[in-house]
Amino acid sequence: MNVEIHDVKIEYPEGSNIIIGQTHFIKTAEDLYEVIATTVPQARFGVAFTEASGPCLIRTEGNDDELVQGCVQVLKAIGAGHVFCVLLRDAYPINVLNQIKNCPEVCRIYCATANPLQVIVASTLQGWGILGVIDGLPPKGVETDEDRQERRDLLRRIGYKR
């Protein structure tokens with residue numbers, strides 16, 4: 001068997017968060033739309049899903065055309081079947097991640113981030129598949145007491161802790 005490994009730099013709209021996962025059924029795009037729209041009604045988002053059989057189309061949903069098109073570009077770059085992409089604004093992945101994980105079509109989540117992102121894919125004669133992701137940058141050290149306090153203050157300032 002001939003397998004090649006590729007790193008795919010993921011470009012997505014500034015100011016958005018991205019969720020990439022694996023899924024398995026044509027109704028994924030509609031179901032993820034409903035999950036996000038009902039969980040965080042003010043969210044602006046795009047959803048796209050790559051079919052792995054039949055017409056092998058990229059299926060899309062969303063309420064923000066820029067984010068929908070951003071999802072399409074991400075999935076074209078990855079080139080693998082049964083992958084979904086969600087791009088979010090006015091919400092964070094933490095707001096929807098558990099609901100997405102509970103969507104019956106979702107098999108796994110590879111990442112949920114606003115960091116620089118690379119997807120590691122393998123290619124064979126059959127096609128491409130995701131092996132994993134490189135999310136963000138490597139550690140530069142261990143937090144100090146001051147860093148810890150800044151982290152705690154940030155969580156309270158953005159409403160995640162009291």
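A residue counts as buried under 20% relative accessible area, as exposed over 50%, and as partly exposed in between. Keep that cut-off at hand for these exercises, and remember that the structure above is a predicted model.

## Exercise 1: Sorting the partners of salt bridges

Work out whether each partner in the pairs Glu 51 with Arg 59, Asp 31 with Lys 27, and Arg 89 with Glu 66 is buried, partly exposed or exposed.

**Solution**

Step 1. Start with Arg 59. Its relative accessible area is 28%, so Arg 59 is partly exposed. Glu 51 has 10% relative accessibility and therefore counts as buried. The side chains of these two meet in a salt bridge, with 2.9 Å from N to O.

Step 2. Turn to Asp 31 and Lys 27, whose side chains meet in a salt bridge of 2.5 Å, N to O. Asp 31 has a relative accessible area of 14%, so it is buried. Lys 27 reaches 35%, so it is partly exposed.

Step 3. In the third pair, the closest N and O atoms of Arg 89 and Glu 66 are 2.9 Å apart. Arg 89 is buried because its relative accessibility is 18%. Glu 66, at 45%, is partly exposed.

Step 4. Now locate this third pair in the chain. Arg 89 sits in strand β5 and Glu 66 in helix α2, 23 residues apart, and the pair links distant parts of the chain.

Step 5. To put these pairs in context, the structure holds nine salt bridges. Some residues join in a network of salt bridges: Glu 143, Asp 145, Arg 148 and Arg 151.

## Exercise 2: Checking the length of a helix

Find out whether the span of helix α4 agrees or disagrees with a rise of 1.5 Å a residue.

**Solution**

Step 1. Helix α4 covers residues 145-157, which makes 13 residues.

Step 2. The expected span is 1.5 Å times one less than the number of residues. For α4 this gives 18 Å.

Step 3. Compare this with the model: the end C-alpha atoms of α4 are 18 Å apart, so the two values agree.

Step 4. Look just past the helix as well. There, Gly 159 takes a positive phi of about 90 degrees.

## Exercise 3: Building a sheet strand by strand

Work out the order of the three strands in the open sheet, and say which strands lie at its edges.

**Solution**

Step 1. Begin with β7 and β8. Seven bridges join β7 to strand β8 (residues 128-135), and the two run antiparallel. They form a hairpin with four residues between them.

Step 2. Find some matching residues. Ala 122 has Gly 129 in β8 as its bridge partner, and Val 119 stands opposite Val 133 in β8.

Step 3. Add the remaining strand. The order is β1-β7-β8, with antiparallel pairing. β1 and β8 are the edge strands, as each pairs on one side only.

Step 4. Look at the twist. Ignoring direction, neighbouring strands of this sheet are turned by 25 degrees against each other on average.

Step 5. Place the helix. α2 packs on the sheet and touches β1, β7 and β8, and its direction makes about 160 degrees with that of β1.

## Exercise 4: Exploring the nonpolar core

Find which residues touch the most other members of the largest nonpolar core, and which element gives the largest share.

**Solution**

Step 1. This core has 21 residues, and those touching the most other members are Ile 10, Ile 18, Ile 20, Val 74, Ile 78 and Ile 130.

Step 2. Several elements give two or more residues, including β1 (4-10), β2 (17-23) and α2 (65-78). The largest share, five residues, comes from α2.

Step 3. Zoom in on Ile 20. Leaving out residues up to four places away in sequence, Ile 20 touches, among others, Val 74, Ile 78, Tyr 110, Leu 117 and Ile 130.

Step 4. Look for another core. A second, separate one has 19 residues, among them Val 40, Ala 43, Val 47 and Phe 84.

## Exercise 5: Spotting unusual backbone angles

Describe where His 82 and Asp 90 lie and what their phi angles are.

**Solution**

Step 1. Recall the background: most residues other than glycine have a negative phi.

Step 2. His 82 is not a glycine, yet it has a positive phi of about 60 degrees. It lies in the loop between α2 and β5, and at 24% relative accessibility it counts as partly exposed.

Step 3. Asp 90 has a positive phi of about 60 degrees too, although it is not a glycine. It lies in the loop between β5 and α3 (93-101), and its 54% relative accessibility makes it exposed.

Conventions: Residues numbered from 1 in each chain as written. Predicted model: local features only at pLDDT ≥ 70, side-chain atom pairs only at ≥ 80, totals over all residues. Heavy atoms only, no water. Core = buried A, V, L, I, M, F, W, Y, C linked by side-chain atoms within 4.5 Å. Buried < 20%, exposed > 50% of the residue type's maximum accessible area, 1.4 Å probe, protein only. Contact = heavy atoms within 4.5 Å. Pairing = 2+ DSSP bridges. Axes fitted to C-alpha atoms, helices over the stretch in contact; angles between N-to-C directions. Salt bridge = Lys/Arg side-chain N within 4 Å of Asp/Glu carboxyl O.
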